Amino acid sequence: MKKVVREFLILIKRGINLMTNKQKQKGSKFERDMTVELNELINGARFKKVPASGAMGTALHEGLLCGDIVGEVEYFPKKLRLEAKNGYMKENKEGKYFHLRKEWLDKIKTEALQTNSFPALVAHFENARSGVKDFIVMDIVDFAWLINEITRIQRDISEDILLSD
């Protein structure tokens, strides 16, 4: 990890601007906003933006720099690793929709497997004024694991209550 940080600092000293365009800046702002929102919405959460995530982490093959947001939640058995996507709004005669790419889900799933994390994609409908604005997308296997963990815990609690009576 120290080597990765050192290489990152060298790039900065050389004047390589990692925030080269407005889209990247907008994406970075969305990642920061999502960390704040997740920390406010989830009890016992500690989410943070991954510095130099994305291209830098992928280029250096450094799992700890992969994913845009990582987090821990008190009592949740795994860290969470999130890929953040802002915008990608399209519109046709049927209305507005979000353009979702399979590669995004494959990427975060692979990165999460490498780091023993729980993967998901967090996204935002750009310019949405009402209704759903931010949402989570995940593989059905990961969703099933999540539901099974919750039901296992609930069952264990229920059984403990019955045994204590």
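**Exercise 1. A salt bridge between a strand and a helix**

Is Lys107 buried, partly exposed or exposed? Determine this from the predicted model, then describe the salt bridge in which Lys107 takes part.

*Solution.*

Step 1. The relative accessible area of Lys107 is 27%. Buried requires a value under 20% and exposed a value over 50%, so Lys107 is partly exposed.

Step 2. Lys107 has Glu83 as its salt-bridge partner, with 3.2 Å between the closest N and O atoms.

Step 3. Glu83 belongs to strand E3 (residues 79–86) and Lys107 to helix H4 (residues 102–114), so the salt bridge ties together parts that are 24 residues apart in sequence.

Step 4. Glu83 has a relative accessible area of 5% and is buried. The pair therefore joins a buried acidic residue to a partly exposed lysine.

**Exercise 2. Further salt bridges of helix H4**

Examine the salt bridges of Lys102 and Lys109, and state which parts of the chain each one links.

*Solution.*

Step 1. Lys102 meets Asp106 in a salt bridge, at 2.6 Å from N to O. These two residues are four apart in helix H4, which means that about one helical turn separates them.

Step 2. Lys102 is exposed, at 58% relative accessibility, whereas Asp106 is partly exposed, at 37%.

Step 3. Lys109 forms a salt bridge with Asp139, at 3.5 Å from N to O. This pair links distant parts of the chain: Lys109 is in helix H4, while Asp139 is in the loop between strand E7 (134–137) and helix H5 (140–164), 30 residues apart.

Step 4. Both partners count as partly exposed: Asp139 has a relative accessibility of 35% and Lys109 one of 24%.

Step 5. Elsewhere, Glu149, Arg152, Arg155, Asp156 and Glu159 are joined into one network by salt bridges that share partners. The whole structure contains 12 salt bridges.

**Exercise 3. The nonpolar cores**

Which residues touch the most other members of the largest nonpolar core, and which elements each supply at least two residues to this core?

*Solution.*

Step 1. The largest nonpolar core has 14 residues, and those touching the most other members are Phe47, Ile69, Leu82 and Val122.

Step 2. At least two residues come from each of helix H2 (22–41), strand E1 (45–49), strand E2 (69–73), strand E3 and strand E6 (117–124).

Step 3. Ile69 illustrates these surroundings. Beyond its neighbours within four places in sequence, Ile69 is in contact with residues including Met34, Phe47, Leu80, Leu82 and Val122. The contacts of Ile69 also include Glu31, Lys48, Lys49 and Arg81.

Step 4. A second, separate core has six residues, among them Trp104, Leu121, Ala123 and Phe135. Trp104 is located in helix H4 and is buried, at 8% relative accessibility. The C-alpha atoms of Trp104 and Lys85 are 8.9 Å apart, although 19 residues separate the two along the chain.

Step 5. As background, nonpolar side chains tend to be buried together in soluble globular proteins.

**Exercise 4. A hairpin and two positive phi values**

How many residues join strand E4 to strand E5 in the hairpin? Describe the pairing of these strands, then locate Tyr75 and Asn116.

*Solution.*

Step 1. The hairpin passes from E4 to E5 through two residues.

Step 2. Strands E4 (residues 89–92) and E5 (residues 95–98) run antiparallel and are joined by four bridges. Across this pairing, Glu91 stands opposite Lys96 in E5.

Step 3. Tyr75 is found in the loop between E2 and E3. Its phi is near 75°, a positive value in a residue other than glycine, and Tyr75 is exposed, at 76% relative accessibility.

Step 4. Asn116 is found in the loop between H4 and E6. The phi of Asn116 is near 50°, which is likewise positive in a residue other than glycine; Asn116 is exposed, with a relative accessible area of 55%.

**Exercise 5. The chain as a whole**

Summarise the secondary structure, burial and contacts of the protein chain.

*Solution.*

Step 1. The protein chain has five helices and seven strands, in the order α-α-β-α-β-β-β-β-α-β-β-α along the sequence.

Step 2. Of its 165 residues, 31% are buried. The chain exposes about 11300 Å², of which carbon and sulfur atoms supply 56%.

Step 3. Among contacts between residues at least 6 apart in sequence, 50% join residues at least 24 apart.

Conventions
Residues numbered from 1 in each chain as written. Predicted model: local features only at pLDDT ≥ 70, side-chain atom pairs only at ≥ 80, totals over all residues. Heavy atoms only, no water. Salt bridge = Lys/Arg side-chain N within 4 Å of Asp/Glu carboxyl O. Buried < 20%, exposed > 50% of the residue type's maximum accessible area, 1.4 Å probe, protein only. Core = buried A, V, L, I, M, F, W, Y, C linked by side-chain atoms within 4.5 Å. Contact = heavy atoms within 4.5 Å. Areas by Shrake-Rupley, 256 points an atom, 1.4 Å probe, with all protein chains shown as cover. Pairing = 2+ DSSP bridges.
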